[in-house]
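Dear colleague,

Here is the structure I promised to hand over, with the sequence alongside. My notes on what was found in it follow below.

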Amino acid sequence: VDADFIVGALSPNLTEEGSTRRQQELNVLNFLQNFLQNLEDRDADLKEKPNASGEEMAGKGSQHLSLQNFFQWITGHAHIPLIESQQSMFKITSNFEHNCNSLYGEHGVCYPVVNACGVSVTFPICHLRTYGDFEKNLSTALEFGYEFSRY
């Protein structure tokens with residue numbers, strides 16, 4: 001699994017061109033691309049230092065934060081499709097929720113909702129304004145979101 005494959009497989013459901021919502025959605029897609037590249041770089045660093053202890057890698061993220069774990073979390077698959085024709089047809093649908101307050105009432109944070117069977121993810125736009133917000137939100141979702149539940 002590499003960041004380029006995942007980014008190439010993204011199939012975003014974007015709102016109308018020129019809208020503020022679309023710009024917010026494109027920002028989130030850019031954040032995701034940066035996040036995936038950072039995971040790939042982190043994975044490469046870990047491979048170069050196979051004996052690095054958890055203390056040495058402190059500040060570089062949790063053990064759940066790897067490109068392969070991201071791929072498995074979002075798709076339910078442990079690896080990319082092996083057959084080239086399946087690789088080219090493989091898509092990860094990206095949806096964007098702009099109105100979580102109207103759905104869930106007043107709250108502090110929402111996390112991305114993954115449908116691994118449907119190979120899709122819905123990003124809560126209002127909680128992902130900056131890359132720092134995005135990274136913290138998605139890292140938390142990856143670390144604690146491995147069960148089949150919304151709660």
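Helices, of at least four residues, and strands, of at least two, are taken here as DSSP runs and numbered from the N terminus. Please keep in mind throughout that this is a predicted model. With that in hand, one stretch can be described at once: residues 22–49 are 96% helix and 0% strand, and their end C-alpha atoms lie 41 Å apart. The UniProt record, an unreviewed entry, annotates these residues as "coiled-coil region".

As for the overall make-up, the protein chain contains six helices and four strands, which follow one another from the N terminus in the order α-β-α-α-α-β-α-β-β-α. Of its 151 residues, 33% are buried, and the accessible surface comes to about 9,200 Å², with 48% of that belonging to carbon and sulfur atoms. If one takes the contacts between residues at least 6 apart in sequence, 70% of them join residues that are at least 24 apart.

The sheet

The four strands make an open sheet in the order β1-β2-β4-β3, and the pairing within this sheet is mixed. Because β1 (10–12) and β3 (113–115) stand at the edges and each has a single partner strand, one side of each is left without a neighbour in the sheet. On average, and with direction ignored, neighbouring strands are turned by 25° against each other.

Going through the pairs in turn, β1 runs parallel to β2 (residues 92–97), with three bridges between them, and P12 has S94 of β2 as its bridge partner. β2 is also parallel to β4, to which five bridges join it, and here S94 stands opposite V121 of β4. The pairing of β3 with β4, by contrast, is antiparallel and has three bridges, with N115 placed opposite S120 of β4. These two strands, β3 and β4, form a hairpin with four residues between them, and V119 in the turn has a positive phi of about 50°. Four of the five residues of β4 are buried, so this strand is largely enclosed by the rest of the structure.

The helices against the sheet

Helix α2 (residues 20–48) lies across β1, β2 and β4 (120–124), and runs at about 130° to β2. Helix α3 (residues 67–75) also packs on the sheet, where it touches β2, β3 and β4, and its direction makes about 75° with that of β3. In α3 the buried residues are L67, F70, F71, W73, I74 and T75, and the elements that cover them include α1 (3–9), α2, β2, β3, β4 and α6. Just after α3 comes G76, which takes a positive phi of about 85°.

What does L32, a residue of helix α2, touch? Leaving aside residues up to four places away in sequence, L32 touches L10, F70, F123, F134 and L138. L32 has a relative accessibility of 0% and therefore counts as buried, the cut-off being under 20%. The C-alpha atoms of L32 and A3 are separated by 9.8 Å, although these residues are 29 apart along the chain.

The aromatic residues

How many aromatic pairs does a search of the whole structure find? The search gives eleven. One of these pairs is F31 with Y131, whose ring centres are 6.0 Å apart and whose planes stand at 70°, so the pair is edge-to-face, a term used for planes over 60 degrees apart. This pair links distant parts of the chain, since F31 belongs to helix α2 and Y131 to helix α6 (residues 131–144), with their positions 100 residues apart. F31 is buried, at a relative accessible area of 13%, whereas Y131, at 21%, is partly exposed.

Both residues belong to one aromatic cluster, which is formed by F31, F35, F70, W73, F96, F123, Y131 and F134. When you look at this cluster in the model, it may help to recall that F70 and W73 are among the buried residues of α3, and that F70, F123 and F134 are among the residues touched by L32.

With best wishes

Technical notes:
Residues are numbered from 1 along each chain as its sequence is written. This is a predicted model: local features need pLDDT of at least 70, side-chain atom pairs count only at pLDDT 80 or more; totals for chains, interfaces and linings use all residues. Side-chain values use heavy atoms; hydrogens and water are left out. Two strands pair if DSSP finds at least two bridges between them. Axes are lines fitted to C-alpha atoms, for helices over the stretch in contact, and angles run from 0 to 180 degrees between N-to-C directions. Contact means heavy atoms within 4.5 Å. Rings of Phe, Tyr and Trp (its six-membered ring) pair if their centres lie within 6.5 Å; planes under 30 degrees apart count as stacked, over 60 as edge-to-face and the rest as tilted. Buried means under 20% relative accessible area, exposed over 50%, partly exposed in between (1.4 Å probe, protein chains only). Accessible areas come from the Shrake-Rupley method with a 1.4 Å probe; for residues, only the protein chains shown count as cover. UniProt positions are given in the numbering used here, feature names are shortened, and annotations may be inferred rather than shown by experiment.
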